[in-house]
Amino acid sequence: MTLSDRLLTLRRDPHSGEVLARGGDPEAHSILQRTDWVPVVRVHEHYHRLPTGLDGAKETRLATRAVARLRTVGYHVDCDEDFDTELREQHHLPLGARILHRAAQIRAATTTGEVADVLTELTAAHDGVLTALDDVLVATAEFHEGLGEPADPHVARRLRHLAEEYLQIIRTDLSDTRNALADRQMAHPGRRTCTNEVPATERERSAVCACPPPPRALATPPPPVAAAPRR
């Protein structure tokens, strides 16, 4: 991560009058989205804006809250004076971060059983993550069915299609993978748990464990030099 990824500007655009946030990394973008900002992706730029239809007071509240949340976790925010604040908000671990922790557990796993246990959290029939996601899609579809705009029934049908088709495929395949790993009951041949024990035959006094050193990376050969044109 570069230093520029920790820098953001949050200002009212002098031409459009919109309050825009620019810069930052995916974590900063997530914080903005959780503060009701809308991402805008263009060919040559990526920024966030406030929702349309807000009055000036609501825009100031959302912009100020975004500044407080970003600075709480260490971002440097250059903002308009109206949005500047000394307030900080307690940062709670979001649901997505807890799911990402499951991926870290799989990367550290040394047996098929450990991975099967993690995948159970996703695939459990009653309260697994994928079951909950299915319910979220259906609930959002039901919400759109009563909004009254011409496009809303199409959105509802699309959401139901995602739940019934695509999500069902993911859930079925991942459940099969989980069940197969649970049956195998074996250690991964390429992984092992570090015991932090040094064997009695170890000659290096600085050794802290018996793990073999990482494989030596091969040097990347330099690119070929183009031959000088003949004169």
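# A guided tour of the predicted model

Select D36 to begin: this residue lies in the loop between α1 (26-33) and β3. The structure on display is a predicted model. With the backbone of D36 shown, note that phi is near 75°, a positive value in a residue other than glycine. Most residues other than glycine have a negative phi. D36 counts as partly exposed because its relative accessible area is 45%.

**A second positive phi**

Move next to Q185, in the segment after α6. Here phi is near 45°, again a positive value in a residue other than glycine. Is Q185 buried or exposed? Its relative accessibility is 61%, so Q185 counts as exposed.

Remain in this part of the chain and select A187, which also belongs to the segment after α6 (152-184). A187 is partly exposed, with a relative accessible area of 48%. Add T112 to the selection and draw a distance between the two C-alpha atoms: A187 and T112 are 75 residues apart along the chain, and these atoms are separated by 6.3 Å.

**The salt bridges of R11**

The structure holds 11 salt bridges. Select R11 and D78, which form one of them, with the closest N and O atoms 2.8 Å apart. This pair links distant parts of the chain: D78 sits in strand β5 (residues 76-79) and R11 in strand β1 (residues 7-12), 67 residues apart. The accessibility of D78 is 34% in relative terms, so this residue is partly exposed. R11 also counts as partly exposed, at 35% relative accessibility.

Keep R11 selected and add D80. R11 forms a salt bridge with D80 as well, and the closest N and O atoms are 2.8 Å apart. This pair, too, joins distant parts of the chain, since R11 is in strand β1 and D80 is in the loop between β5 and α3 (95-108), 69 residues apart. Is D80 buried or exposed? D80 is buried, because its relative accessible area is 18% and the cut-off for buried is under 20%.

**Further salt bridges**

Select E45 and R22, whose side chains meet in a salt bridge with an N to O distance of 2.9 Å. The two partners lie in distant parts of the chain, 23 residues apart: E45 in the loop between β3 (38-41) and β4 (46-49), and R22 in strand β2 (residues 19-23). E45 counts as partly exposed at 37% relative accessibility, and R22 is likewise partly exposed, with a relative accessible area of 33%.

Now select R6, D25 and E27 together. A network of salt bridges links these three residues.

**Two surface patches**

Switch to a surface representation and colour E114, D117, E121 and D127. Together they form a negative surface patch. Centre the view on D117, which lies in helix α4 (residues 112-123). Its relative accessibility of 53% is the reason why D117 counts as exposed.

Next, colour L95, I99 and V129 on the surface. Which kind of patch do L95, I99 and V129 make? The patch is nonpolar, with an area of about 230 Å². One of its members, I99, lies in helix α3. I99 counts as partly exposed, with a relative accessibility of 31%.

**Two buried residues in helices α5 and α6**

Return to a cartoon with side chains and select H144, in helix α5 (residues 129-145). What does the side chain of H144 reach? It extends to the backbone oxygen of T140, at 3.0 Å. With a relative accessible area of 18%, H144 is buried.

The last stop is R171, in helix α6. R171 counts as buried, because its relative accessibility is 17%. Add D134 and compare the C-alpha positions: R171 and D134 are 37 residues apart along the chain, and their C-alpha atoms are separated by 9.8 Å.

How values were computed. Residues numbered from 1 in each chain as written. Predicted model: local features only at pLDDT ≥ 70, side-chain atom pairs only at ≥ 80, totals over all residues. Heavy atoms only, no water. Patch = residues over 30% accessible without salt bridge, like charges linked within 9 Å, V, L, I, M, F, W, Y side chains within 5 Å. Areas by Shrake-Rupley, 256 points an atom, 1.4 Å probe, with all protein chains shown as cover. Salt bridge = Lys/Arg side-chain N within 4 Å of Asp/Glu carboxyl O. Lys, Arg positive; Asp, Glu negative; His and termini not counted. Charge placed at Lys NZ, Arg CZ, Asp CG, Glu CD. Helix = DSSP H or I, 4+ residues; strand = E, 2+ residues; numbered from the N terminus. Buried < 20%, exposed > 50% of the residue type's maximum accessible area, 1.4 Å probe, protein only. Polar contact = N/O pair within 3.5 Å; in protein donor to acceptor, adjacent residues only side chain to side chain.
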